[in-house]
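Open the model in your viewer and set it to a cartoon representation. The stops below say what to select and what is there.

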Amino acid sequence: MAGGPETAKRARQKLIAAALKAREQAYAPYSRFRVGAAVLTSSGRIFTGCNVENVSYGLTVCAERVAVWNAAAAGERELVAVAVVTDGAPVFPCGACLQVIQEFAGTEPPVIIAANLEGAAVVRSLSECLPCAFTSFKPDNPEAGE
Ligand SMILES: [Zn+2]
């Protein structure tokens with residue numbers, strides 16, 4: 001996120017607040033693990049998502065992917081930061097969600113913020129969370145074809 005440390009901190013707090021609000025809509029009757037997510041795009045817009053479970057379990061979708069898909073459906077193609085809010089210890093996105101975030105990563109790896117209801121927040125970059133991301137079929141991948 002551009003700007004000084006205070007600007008970055010405020011932007012993170014705003015993103016966490018959006019994720020916290022999105023968590024209120026979580027549909028988690030099976031796990032009772034309610035998750036909210038918010039993504040900040042390169043145009044400065046914020047999109048949110050909550051986890052949506054399904055009785056078949058396998059069709060359950062994480063909050064992070066719902067947020068990314070909301071951004072993509074609005075025409076956004078570059079993520080700057082992703083915040084995830086849960087109850088208990090902060091948790092980072094699962095591997096599937098990290099791969100979906102990677103799809104919309106810009107030249108700078110998105111910042112991933114794992115936060116909880118008590119105000120704790122742990123910050124990592126996407127490349128720290130997913131060091132060996134699958135990218136070889138991206139048409140603009142300079143390493144493609146090597
Ligand atoms: Zn996930």
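Which residue in the turn of the β4–β5 hairpin has a positive phi? Select G119: its phi is about 95 degrees, and the hairpin of β4 and β5 has four residues between the strands. Strands here are DSSP runs of E of at least two residues and helices are runs of H or I of at least four, numbered from the N terminus.

Before going on, note that this is a predicted model, in which local features need pLDDT of at least 70, side-chain atom pairs count only at pLDDT 80 or more, and totals for chains, interfaces and linings use all residues. Residues are numbered from 1 along each chain as its sequence is written.

**Whole chain.** Select the protein chain and colour by secondary structure: there are four helices and five strands, in the order α-β-β-α-β-α-β-β-α. The C-alpha atoms fill a box of roughly 45 × 40 × 25 Å along the principal axes. The radius of gyration is 15 Å, which agrees with the value near 15 Å for a compact globule of 146 residues; it is taken over C-alpha atoms, and the globule rule is 2.2 Å times the number of residues to the power 0.38. Buried residues make up 34% of the 146. A residue is buried if 20 or more other C-beta atoms lie within 10 Å of its own, exposed if 12 or fewer, and partly exposed in between, with C-beta atoms placed from the backbone.

**Strand β4.** Select residues 111–116. Five of the six residues of β4 are buried, so this strand is largely enclosed by the rest of the structure. On one side of the pairing list is β3 (residues 79–86), parallel to β4 over six bridges; strands pair if DSSP finds at least two bridges between them. Show T86 and its bridge partner in β4, N116. From β3 the chain crosses through helix α3 (residues 95–103) to β4, and this β-α-β crossover is right-handed, meaning that with the strands pointing away from the viewer the path from the first strand over the helix to the second runs clockwise. Next add β5 (residues 121–125), which pairs with β4 in the antiparallel sense over five bridges. A114 stands opposite V122 in β5.

**Strand β1.** Select 36–41. Six of the six residues of β1 are buried. G36, A38 and L40 point one way, while A37, V39 and T41 point the other way. β1 pairs with β2 in the antiparallel sense over five bridges, with L40 bridged to I46. These two strands form a hairpin with four residues between them, and G44 in the turn has a positive phi of about 90 degrees. β1 also pairs with β3, antiparallel over six bridges; there T41 has L79 as its bridge partner.

**Helix α1.** Select residues 5–23. The end C-alpha atoms are 27 Å apart, in agreement with the 27 Å expected for 19 residues at 1.5 Å a residue, where the expected span is 1.5 Å times one less than the number of residues. Its buried residues are A11, L15, I16, A18, A19, A22 and R23. Viewed down the axis, they fall within an arc of 160 degrees, so they line one face of the helix; the arc is that of the directions from the helix axis to the C-beta atoms.

**Last stop.** Select F137, in the segment after α4 (126–129). F137 is exposed, with 7 other C-beta atoms within 10 Å.
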